[in-house]
Amino acid sequence: FQQCSKPVILCYPDACHIIYRTSPVLNGSWIYQYDGTNFIPKFQLPDAAGAAASKGNINAIAFDKPGTTAYIVSRKNHVIYKASYDMATGEFSDVKLLAGSFGVTGYADGTGTSAQFNEPSQGDVDEEGNFYVADRGNHCIRVITPDGEVSTYAGQNKAGMVDGIASLAEFNNPEGCQFGPDGALYVADYSNHAIRKVEDGPAQP
């Protein structure tokens, strides 16, 4: 296996067994595919204008259950991308910015570029194709629909350690989240040194 001098994200869609990684350079915006010997550059993420992004710090690539859609998180650009994926050929297409304001930090629910994140990190996709992502700098878990509508799933946009109803819970720099076999969403709550479990959605008290 090829050695990497920098931390990277390795991923593959279910039942496909093709491995992808992000740029070995911290701020790189390239996605690479492993061909059995080397990692081959596949494509570069776009910026807000559609040109090649000069940086990315890609923190996650997550595929939906059918393996036809990929969500890509650019942590330092504070945005989520969406791409079509062909499992037969291993090719990505129609790569576009789905949610977030490119290069701008903030906290706002909304659709597309009206939504804002603060260092979104790793996430997972549910059975309906919604993408859940740990919004590290906003201390909460956000959910993005396939159409780019962003809402807060759990947390209050403030650091803390509080259990309870999802909308009243508090996290401290959550780094990632993933669905378990029981259907619950498990959160790596980095600065609280804990694994948290979210069983229900953002019900109000």
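The largest nonpolar core of this predicted model contains 15 residues, and the members that touch the most others are Tyr-20, Ile-61, Phe-63, Ile-72 and Phe-92. Three strands, S5 (58-63), S6 (69-74) and S7 (79-86), each supply at least two residues of this core. S7 gives the most, with four residues. Clustering of this kind will look familiar: in soluble globular proteins, nonpolar side chains tend to be buried together.

Ile-72 offers a handy point from which to explore the surroundings. Leaving aside neighbours within four places in sequence, Ile-72 is in contact with Phe-43, Leu-45, Ile-58, Ala-60, Ile-61, Val-79, Ile-80 and Tyr-81. Apart from the core described above lies another core, of 14 residues, with Ala-60, Ala-62, Ala-99 and Phe-131 among them.

At the level of the whole protein chain, the secondary structure consists of 16 strands and zero helices. Of the 205 residues, 52% count as buried. The accessible surface comes to about 9600 Å², and carbon and sulfur atoms account for 48% of that area. Among contacts with a separation of 6 or more, 40% join residues 24 or more positions apart.

Further along the chain, three strands form an open sheet in the order S14-S15-S16, with antiparallel pairing. S14 and S16 (194-198) stand at the edges with a single partner strand each, so one side of each is left without a neighbour in the sheet. From one strand to the next, the twist averages 25 degrees.

Within this sheet, S14 (residues 174-179) and S15 (residues 185-189) are paired in the antiparallel sense over five bridges. The register can be followed through individual residues: Gly-176 stands opposite Ala-188 in S15, while Gln-178 has Tyr-186 as its bridge partner in S15. The hairpin made by S14 and S15 has five residues between the strands, and there Gly-183 takes a positive phi near 90 degrees.

The loop between S15 and S16 holds Asn-192. Which residues does Asn-192 contact, leaving aside neighbours within four places in sequence? They are Gly-160, Met-161, Phe-171 and Asn-172. With Gly-160 there is also a polar approach, as a polar atom of the Asn-192 side chain lies 2.8 Å from the backbone oxygen of Gly-160.

Key. Residues are numbered from 1 along each chain as its sequence is written. This is a predicted model: local features need pLDDT of at least 70, side-chain atom pairs count only at pLDDT 80 or more; totals for chains, interfaces and linings use all residues. Side-chain values use heavy atoms; hydrogens and water are left out. Two strands pair if DSSP finds at least two bridges between them. Axes are lines fitted to C-alpha atoms, for helices over the stretch in contact, and angles run from 0 to 180 degrees between N-to-C directions. A polar contact is a pair of N or O atoms within 3.5 Å; within protein, one must be able to donate a hydrogen and the other to accept it, and residues adjacent in sequence count only if both atoms are side-chain atoms. Contact means heavy atoms within 4.5 Å. Buried means under 20% relative accessible area, exposed over 50%, partly exposed in between (1.4 Å probe, protein chains only). Accessible areas come from the Shrake-Rupley method with a 1.4 Å probe; for residues, only the protein chains shown count as cover. A nonpolar core is a set of buried Ala, Val, Leu, Ile, Met, Phe, Trp, Tyr and Cys residues joined through side-chain atoms within 4.5 Å.
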